[in-house]
Amino acid sequence: MNRRESLKAIGLTAVSAGVLLEACKTDDKKTTAGAATTADESNAGREAFEVERNKKLKEERFFTDHEMLTITVLADIIIPKDEKSGSASDAKVPEFIEFIVKDIPSHQVPMRGGLRWLDTQCMNRYNNAFKDATAAQQLEMVNDIAWPEKVKPGMEQGVAFFNRMRDLTASGFFTSEMGVKDLGYAGNMPNKWEGVPEDVLKQYGLENV
């Protein structure tokens, strides 16, 4: 749960393709968590209705302050700060999630319902909302809903919510500038062509050509 390498192996494969595809439909800036909240910084190549829509979404507010704090705690449990890069909240993942649920409204009911379910569970267990529980209590709660194959009866809603939360967090982080650097993805680098890799040449018997 608290190791970024595990999330790369498990979390990224779980990221919903629909989240990324839908997020790219009307706003090419949504491919980074930070850009999701600064969509008006560059309007090049956008239709007027797209610019207006993004502006409207930015001005709207869906999650309450309490909900945003809960999302922030959860996101940082899923992707904590380590020696390599910052946490999910450092990459503005909570803001990304706020934008996504406005852009893709089908996330709204499951997310709000899941946050309320989480608080209810924590109130019953710890007499505190999730965000106000101790770090140990928060981790205990998360561990009960983080592993679908080990879910206890009555915890299914929590598992479904956490799966969605993990998908959105991974989508937001690993499409942010910080997350891309964390993955080590360089993309196409101009003036950096060094020829076909030696192992590829050997594979096709062309190393001496």
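A residue counts as buried when its relative accessible area is under 20%. With that cut-off in hand, here are some exercises on this predicted model.

**Exercise 1. Take stock of the whole protein: how many helices and strands are there, and what percentage of the residues count as buried?**

Start with the secondary structure. The protein has 10 helices and zero strands, so that, read along the sequence, the pattern is α-α-α-α-α-α-α-α-α-α.
Next, apply the cut-off from above: 40% of the 209 residues count as buried.
Then turn to the surface. The accessible area comes to about 11800 Å², and carbon and sulfur atoms hold 53% of that.
Finally, look at contacts with a separation of 6 or more: 69% of them join residues 24 or more positions apart.

**Exercise 2. Find the largest nonpolar core and say which helix gives the largest share of it.**

Begin with the members. The largest nonpolar core has 38 residues, and F63, L74, I97, M111, M141 and M165 touch the most other members.
Now ask where the core comes from. At least two residues each are supplied by α4 (65-78), α5 (93-103), α6 (108-126), α7 (135-145) and α8 (156-174). The largest share is that of α8, with eight residues.
As background, nonpolar side chains tend to be buried together in soluble globular proteins.
To finish, zoom in on one of the hubs. Leaving out residues up to four places away in sequence, F63 touches M68, I71, I97, E98, V101, M111, R112 and L115.

**Exercise 3. Work out how α4 is built and how it packs against α7 and α8.**

First, check the length. The 14 residues of α4 should span 20 Å at 1.5 Å a residue, and the end C-alpha atoms are 20 Å apart, so the two values agree.
Second, list what is hidden: the buried residues of α4 are E67, M68, T70, I71, L74, A75, I77 and I78.
Third, recall the two quantities to look for. Two packed helices are described by the angle between their axes and the distance between the axes.
Fourth, take α7. Helices α4 and α7 pack at about 75°, with axes 11 Å apart. Angles of 65 to 115 degrees count as roughly perpendicular, and therefore α4 is roughly perpendicular to α7. V73, L74 and I77 of α4 make this contact with Q138, L139 and V142 of α7.
Fifth, take α8. The angle between α4 and α8 is again about 75°, while their axes are 10 Å apart. By the rule used for α7, α4 is therefore roughly perpendicular to α8 as well. Here I71, L74, A75 and I78 in α4 meet F161, F162, M165, R166 and T169 in α8.

**Exercise 4. Describe α6: what covers its buried residues, and what follows the helix?**

Measure the helix on screen if you like. With 19 residues, α6 reaches 27 Å from its first C-alpha to its last, close to the 27 Å expected at 1.5 Å a residue.
Pick out the hidden positions next. The buried residues are M111, G114, L115, W117, L118, D119, Q121, C122 and Y126, and their cover includes α4, α5, α7 and α8.
Stop at G114, which lies in α6. Its relative accessible area is 1%, so G114 is buried. G114 touches Q157 and F161, not counting residues up to four places away in sequence. The C-alpha atoms of G114 and A160 are 8.1 Å apart, although the two residues are 46 apart in sequence.
Last, step past the end of the helix: N127 follows α6 and has a positive phi, near 60°.

**Exercise 5. Compare three loop residues: are K92, N127 and A146 buried, partly exposed or exposed?**

K92 sits in the loop between α4 and α5. Its relative accessibility is 40%, so K92 counts as partly exposed. K92 is not a glycine, yet its phi is positive, about 65°.
N127 belongs to the loop between α6 and α7. At 61% relative accessibility, N127 counts as exposed. N127 is not a glycine either, and its phi is about 60°.
A146 is found in the loop between α7 and α8. With 1% relative accessibility, A146 counts as buried. From A146 to F161, 15 residues along the chain, the C-alpha separation is 9.5 Å.

Key: Residues numbered from 1 in each chain as written. Predicted model: local features only at pLDDT ≥ 70, side-chain atom pairs only at ≥ 80, totals over all residues. Heavy atoms only, no water. Core = buried A, V, L, I, M, F, W, Y, C linked by side-chain atoms within 4.5 Å. Buried < 20%, exposed > 50% of the residue type's maximum accessible area, 1.4 Å probe, protein only. Helix = DSSP H or I, 4+ residues; strand = E, 2+ residues; numbered from the N terminus. Contact = heavy atoms within 4.5 Å. Expected span 1.5 Å × (residues − 1). Areas by Shrake-Rupley, 256 points an atom, 1.4 Å probe, with all protein chains shown as cover. Axes fitted to C-alpha atoms, helices over the stretch in contact; angles between N-to-C directions. Parallel < 35°, antiparallel > 145°, perpendicular 65-115°, else oblique.
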